[in-house]
Amino acid sequence: MQSRARSPEAKLRRAEDLLDAARTLAAARGGVRHVTLAAVTEAAGLHPSAVRRYFDSKEELLLELAERGWNQWRDSLTARLADARNLTPAESAAAVASTLTAQPLFCDLLTHVPLSLEGEVDIERARRFKTNSFAAHDGIVDALTASSDTLTTAQAQELVAAALGLTAYLWQVSHPTPTLAELYAKNPRWGHAALDFEPRLTRLLQAVAVGATVMDGD
């Protein structure tokens, strides 16, 4: 086991070790719902009681990952669209879908943030998450409107809202548990919900983006 962190730098490294361990476990175990604090501390080489010095709970640890996911998505989409101009609504939607798909942990966390994570931390941690995630959200909207002469700010906001809701649902059903995967194999008709994530997300977001411009008369 690692010794207790004494300096601020060492404490920061320990916190990063715990976050890295959570990422690895989520990928190996089929999602964050299977991640426990005991497993995280063991994987990070820390005593089980040590985690409380860095995160008050599993929810706070996972919320930190979700907050970072927001920033990474903003940065990824902004970089993707940096040199783009006059994108069609369908092209904007495809960029949203592809940059989300590139972040599987964030896609998984989008289900859990409103379900439990942000409501199970103290108010100051929740405030920090809301502040930073909304700032990232606004950056994403700005990138979408700057790269398109079609999407208005309101339409870009609707596209992002649809992306969040669809991702939270589709990610889970397209990554079934072993039990459900076996069930779908025996009953193929039920497996329609477990179709490929990115193609379905892309098509639905394109429908939202194109539909919004048509409804608004653009």
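Helices, of at least four residues, and strands, of at least two, are DSSP runs numbered from the N terminus.

**Figure 1. Overall architecture of the predicted chain.** The model shown is predicted. Its secondary structure consists of nine helices and zero strands, so that, read from the N terminus under the DSSP assignment, the order of elements is α-α-α-α-α-α-α-α-α. Along the principal axes, the C-alpha atoms occupy a box of roughly 60 × 45 × 30 Å. Of the 218 residues in the chain, 44% are buried. Among contacts between residues at least 6 apart in sequence, 69% link residues at least 24 apart.

**Figure 2. Surface and charge of the chain.** The chain exposes about 11300 Å². Carbon and sulfur atoms contribute 56% of this exposed area. The chain carries 23 positive and 27 negative charges. The mean positions of these two sets of charges lie 8 Å apart.

**Figure 3. The annotated N-terminal segments.** The unreviewed UniProt entry assigns the feature "domain: HTH tetR-type" to residues 12-73. In the predicted model this span is 68% helix and 0% strand, and its end C-alpha atoms are 23 Å apart. The annotation "DNA-binding region", likewise taken from an unreviewed UniProt entry, covers residues 36-55. That span is 40% helix and 0% strand, with 13 Å between its end C-alpha atoms.

**Figure 4. The largest nonpolar core.** This core comprises 62 residues. The residues with the most contacts inside the core are Leu18, Leu61, Trp73, Val96, Leu100, Leu144 and Leu205. Among the elements that give two or more residues to the core are helix H1 (8-29), helix H2 (37-44), helix H3 (58-81) and helix H4 (89-101). Helix H5 (104-117), helix H6 (123-146), helix H7 (153-173) and helix H9 (197-215) also give two or more residues each. In soluble globular proteins, nonpolar side chains tend to be buried together.

**Figure 5. Surroundings of Val96 in the core.** Val96 is listed among the residues with the most contacts inside the largest nonpolar core. Residues up to four places away in sequence aside, Val96 touches Trp73, Leu77, Leu144, Leu159, Ala163 and Leu205. Of these partners, Trp73, Leu144 and Leu205 are themselves listed among the residues with the most contacts in the core.

**Figure 6. Ala26 and Ala39, two buried alanines in helices H1 and H2.** Ala26 lies in helix H1. Ala26 counts as buried because its relative accessibility of 7% falls under the 20% limit. Apart from neighbours within four places in sequence, Ala26 is in contact with Gly31, Val32, Val35 and Leu105. The C-alpha atoms of Ala26 and Ser7, which are 19 residues apart along the chain, are separated by 29 Å. Ala39 belongs to helix H2 and is buried, with a relative accessible area of 10%. Residues up to four places away in sequence aside, Ala39 touches Leu25 and Arg29. Ala39 and Ala22 are 17 residues apart in sequence, and their C-alpha atoms are 8.4 Å apart in space.

**Figure 7. The loop between H3 and H4.** Two residues of this loop are shown, Ala82 and Asn86. Ala82 has a relative accessible area of 41% and is therefore partly exposed, as this value lies between the 20% and 50% limits. The C-alpha atoms of Ala82 and Leu100, 18 residues apart along the chain, are separated by 17 Å. Asn86 counts as exposed because its relative accessibility of 52% is over 50%. The phi angle of Asn86 is near 60°, a positive value in a residue other than glycine. Most residues other than glycine have a negative phi.

**Figure 8. Leu170 of helix H7.** Leu170 is found in helix H7 and, at 5% relative accessibility, counts as buried. Neighbours within four places in sequence aside, Leu170 is in contact with Phe197, Arg200, Leu201 and Leu204. Helix H9 spans residues 197-215, so these four contact partners fall within the DSSP run of that helix. Leu170 and Leu195 are 25 residues apart in sequence, and the distance between their C-alpha atoms is 8.9 Å.

Conventions: Residues are numbered from 1 along each chain as its sequence is written. This is a predicted model: local features need pLDDT of at least 70, side-chain atom pairs count only at pLDDT 80 or more; totals for chains, interfaces and linings use all residues. Side-chain values use heavy atoms; hydrogens and water are left out. Buried means under 20% relative accessible area, exposed over 50%, partly exposed in between (1.4 Å probe, protein chains only). Contact means heavy atoms within 4.5 Å. Accessible areas come from the Shrake-Rupley method with a 1.4 Å probe; for residues, only the protein chains shown count as cover. Lys and Arg count as positive and Asp and Glu as negative; His and the chain ends are not counted. The place of a charge is taken as NZ of Lys, CZ of Arg, CG of Asp or CD of Glu. UniProt positions are given in the numbering used here, feature names are shortened, and annotations may be inferred rather than shown by experiment. A nonpolar core is a set of buried Ala, Val, Leu, Ile, Met, Phe, Trp, Tyr and Cys residues joined through side-chain atoms within 4.5 Å.
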